[in-house]
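Biologist: Please take me slowly through a single part of this model, chosen by you, and explain each term when it first comes up. I would like to see how the pieces of that part fit together before I look anywhere else.

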Amino acid sequence: MANSYNPKNPHRFREDDRTYLIHLIMDVCADGVVIVDPEGKIIYTNVANNNMSGYSEEELMGEPFWKLVVSEDRMKIESFVNKMADRQPRLEVMEVEYLRRDGERLPVEIQLNHVWDNGKLIGVIANIRDITYRRKVTAERDRLLRKTQDQLKQIQILSDAALTLHNEDFKESLRSILKIVLSFVKSEIGWIVIRENQDSPFRLIVQQGLSDLMSETGIKKLFQDQCPCWEKIFNRELTTVGDVVKCERAEKCEYLKDIVKVHYSIPVRIGPNISAIISLVSHDWEHFSDNDIETLNKISGQLAMAVANQVVLNQRLQAQKELEQSEKRYRELIESAPVSITVHQDGKWVMLNKATVEMLGYDSEDELIGKTVWEVIHPDSRKAAMDRFREIIQTGKSFPYTERKVLKKDGSVIYVLVSARPTTYQGRIAIQTISVEITERKKAVEALAASERKYRRLIEQMREGLVITDENGIITLANPWMYKLFGSDRPEDIIGRSFHDFLSGDNRTLIEEKIERRKKGISEEYELKVERENGRPLILGISASPLVDENGNYLGSLTICADLTEKKEQQKLEASLYALSRAVHTTESLDDLYPAIHEIIKGLMPARNFYLAFYDAEKNRIYWPYIQDETLNKESVHPRKPGKGLTEFVLNTGKSQYLSRAEIKELIKEGTIVQYGAVPNQWLGVPLIVADQTIGALVVQTYSEEIKLTPGQLKILEFVSSEVAQTICRKRAEEELEQLVENYRSLFESTTDAIFIHDNQGRFLDVNRAVIEMYGYMREELLGKGPEMLTDETRVDPSLAKEYLNRALDGEVVRFEWWGKRKNGECFPKDVILTKSTYNGKEAVIASARDISEKKQAAQELEQRLQELERFQSLTIGRELRMIELKKRIKELEEQIVSKGP
């Protein structure tokens with residue numbers, strides 16, 4: 001119940017789906033339900049209890065439970081709550097009176113349960129039922145039974161001494177008695193009056209001769225107002241059986257004057273009260289002689305007993321009628337009762353109500369009347385029930401509500417609360433039971449207990465610490481995470497102790513200040529650093545909230561603790577990596593980067609003495625580009641061939657090393673290493689590895705006993721070293737790239753050909769100095785422009801430039817001649833070559849252009865010369881051909897002449 005809290009009401013359960021269902025069931029329950037903490041204070045009250053007590057929920061929360069009962073009953077409740085100290089679960093049912101808010105008293109029946117979980121007290125659950133109606137019914141029944149029993153006892157006592165003169169007709173019997181008395185004293189005037197109880201007036205039952213003396217109105221008034229002549233009867237000590245009393249003031253009586261002279265009365269006592277009076281009167285003072293009075297005194301007891309016998313007989317008959325009516329009403333009350341009421345004799349049911357039939361799932365009473373009780377009681381509860389019923393019969397003792405398992409007609413099991421008491425039925429001893437089914441309530445309680453166990457497990461399995469303290473800072477609840485933090489796994493070592501016991505002086509002062517803030521209702525979050533045994537600090541994230549009652553009174557605090565150590569270390573590492581990344585971009589050289597790395601590592605551990613070592617495989621040398629050491633300086637450390645130093649120990653093994661002074665001396669003694677300089681107290685070295693190659697080492701060392709380095713810091717150094725190695729390699733590459741870029745730029749600017757760099761849209765990204773000299777434009781005028789501004793559109797089609805560009809982007813080396821146009825308007829031919837490349841990581845085309853004006857002019861001059869030569873050649877060669885043809889013709893003519901002869 002104390003495991004979960006609502007911000008508005010810290011004593012209410014946190015309402016997840018299951019807890020909400022439990023609250024809903026209890027709020028609609030007809031019986032009151034109150035949950036009390038171990039101090040007896042109310043932490044839950046349902047709607048039914050609020051209605052019974054007249055208080056609202058807000059008025060009851062946090063108040064002592066016994067506030068609801070009258071003072072004389074409070075000891076019962078307090079006694080039960082105090083029994084919690086014996087650590088045994090208890091169940092007790094008691095009847096007390098509720099003291100309502102309006103001051104009225106309300107009889108209730110309270111069932112109290114001690115609730116324990118794994119040996120730990122949870123509290124008390126109280127079920128409250130209004131028993132006003134039941135008390136009324138029981139009181140009426142008991143009254144009638146007592147009245148009947150008293151009457152029967154009186155009848156038995158009086159019947160032994162009563163006169164035998166009686167008649168079934170009550171008035172006739174009394175009239176006969178009156179006549180006998182009058183006959184004794186030879187009087188004709190007398191009457192018998194009776195009254196039902198001591199507070200009611202006497203009424204005339206029978207009379208003789210009185211109506212002849214008084215009017216009917218006077219007679220009625222006489223007996224309604226009670227004759228003052230009877231005052232002597234009520235002021236005297238009278239015997240039980242009767243006595244004759246003489247009234248000496250009869251002649252002065254307002255009602256009897258002028259009517260009678262002598263008035264004698266025989267009082268009839270039934271129990272302590274005078275229930276009837278036999279009166280005898282006479283007109284004559286001398287009418288009753290001494291002998292008559294003596295005779296009347298002798299028979300007065302018998303006469304009184306005779307009248308009493310008739311009165312009691314009449315009362316018995318009347319009582320029987322009333323008893324029958326009462327039994328009828330009682331039966332009707334039982335039938336209309338919403339709970340099971342039964343009567344059984346000799347183990348068999350002889351009477352039961354409709355609620356019993358419905359509760360057990362039967363169709364009618366006939367199925368159960370005559371059936372043994374043991375057939376319905378579950379075997380698990382049968383022996384206890386037999387023992388209880390046997391004790392009731394033997395001792396006549398009543399027993400409060402006890403839980404029992406009962407079988408319904410279909411064999412299913414239900415749970416009931418049963419109270420039993422002895423009674424009589426048709427003149428024989430019997431047992432009456434009142435049963436209330438609690439199956440759903442029990443399921444709800446079990447579900448509540450399961451829910452409490454669930455939330456307790458959740459608290460115990462939390463990966464954070466939870467602790468609740470009271471108003472004095474005493475721990476009342478803590479989960480296993482907190483046990484571990486406090487250095488124990490036993491609750492008894494933690495619970496009941498002050499939170500201060502587990503803190504150092506500075507933290508104790510801080511917590512005292514925080515408690516004062518809790519008392520002011522302030523919730524807050526803060527961090528707390530706690531020293532651990534290994535020397536490493538534990539950083540706790542604290543979230544603390546005050547616990548208050550409905551009146552705002554401070555009850556304590558709820559604190560959630562989270563281990564932020566790893567998170568803080570991770571944040572430090574992330575900050576270091578960020579700082580490392582920033583240092584790479586802000587430093588211009590490796591010489592500037594090394595001190596920045598040192599500062600970053602000093603933020604993670606005491607790294608006053610720090611150095612970086614690198615191995616140059618080509619030269620087979622180890623050199624120290626950065627060193628800060630209180631025993632060494634950079635000038636005294638020179639590059640050397642790998643030997644047996646601590647640095648080489650890391651470079652050779654490729655593994656991180658944490659060495660103490662003793663371990664270093666042992667390695668020196670073994671000959672594994674040779675120490676250069678002072679022996680450090682602690683030495684941390686991690687390799688710098690890139691692509692599975694050890695390129696160097698990062699070392700932190702201390703010479704002082706006061707400055708501690710821990711093996712855990714080696715892990716931090718390893719994490720940082722991987723980034724440092726990558727960063728240094730990246731910085732080296734950047735420096736080399738910068739050198740390459742510088743070389744490229746120098747080459748780019750020094751070439752005589754015009755170099756253009758185009759993006760994939762043909763826009764100029766960069767141009768060299770030759771372009772500026774060739775075209776007469778400044779670089780800024782060209783960047784972002786296209787080749788059309790440098791084209792003689794009268795001689796070439798500008799759209800061809802886009803075609804050539806796309807062919808180059810497809811990977812073709814494109815060469816063509818183009819006509820350029822200078823800023824001054826001069827046009828010239830040029831030879832252009834396009835090739836695909838990249839520029840700043842993006843696709844680009846590089847164009848190289850050479851002015852071929854002179855080449856073109858030379859080609860034209862050569863063409864003219866060739867043409868002239870051809871013309872010359874045509875002239876000379878034509879003449880030679882004609883000479884050859886002429887010589888050939890001459891030869892042919894000579895041959896003809898020869899052939900013809902002379």
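Modeller: What follows is a walk through one sheet and the helix beside it, with a short look at another sheet afterwards.

The model is a predicted one, in which local features need pLDDT of at least 70 and side-chain atom pairs count only at pLDDT 80 or more, while totals for chains, interfaces and linings use all residues. Residues are numbered from 1 along each chain as its sequence is written, and side-chain values use heavy atoms, with hydrogens and water left out.

To set the scene, the protein comes to 23 helices and 30 strands, where helices (H or I, at least four residues) and strands (E, at least two) are DSSP runs numbered from the N terminus. Of its 902 residues, 43% are buried, a word that stands for under 20% relative accessible area, with exposed meaning over 50% and partly exposed lying in between (1.4 Å probe, protein chains only). If we take the contacts between residues at least 6 apart in sequence, 49% of them join residues at least 24 apart, and contact here means heavy atoms within 4.5 Å.

The part I have chosen is an open sheet of 5 strands, which lie in the order β27-β26-β30-β29-β28 with antiparallel pairing. Two strands are said to pair if DSSP finds at least two bridges between them, and in general the strands of a sheet pair through backbone hydrogen bonds, either parallel or antiparallel. At the edges of this sheet are β27 and β28 (814–821), each of which pairs on one side only. Neighbouring strands are turned by 30° against each other on average when direction is ignored; such angles are taken between axes, which are lines fitted to C-alpha atoms (for helices over the stretch in contact), and they run from 0 to 180 degrees between N-to-C directions.

Let us begin at the β27 edge, where β26 (residues 754–758) and β27 (residues 764–767) are joined in the antiparallel sense by 3 bridges. Within this pair, H758 of β26 faces F764 of β27. The two strands form a hairpin with 5 residues between them, and in it G762 takes a positive phi near 90°. At the other edge, β28 and β29 (residues 827–839) are paired, again in the antiparallel sense, over 8 bridges, and V814 stands opposite L834 in β29.

Now we can add the helix. Helix α22 (residues 799–809) lies across β26, β28, β29 and β30 (842–851), and runs at about 150° to β28. Which residues of α22 are buried? They are Y804, L805, A808 and L809. These residues cover an arc of only 140° around the axis, which puts them on the same side of α22; the arc is that of the directions from the helix axis to the C-beta atoms. An α-helix has 3.6 residues a turn, so residues three or four places apart point the same way. What covers the buried residues of α22 includes β26, β28, β29 and β30. After the helix comes G811, which has a positive phi, near 105°.

For a second example, look at another open sheet of 5 strands, ordered β12-β11-β15-β14-β13 and paired in the antiparallel way. Its edge strands are β12 (348–352) and β13 (399–407), each pairing on one side only, and from one strand to the next the twist averages 35°. Helix α11 (residues 379–395) packs on this sheet, where it touches β11, β13, β14 (413–425) and β15, and its direction makes about 145° with that of β13. Inside the sheet, β11 (residues 340–345) and β15 (residues 428–437) run antiparallel and are joined by 5 bridges, with V343 having Q432 as its bridge partner in β15.

One last point concerns the whole model: a search for disulfides, meaning pairs of cysteine sulfur atoms within 2.5 Å, finds 0 in the structure.
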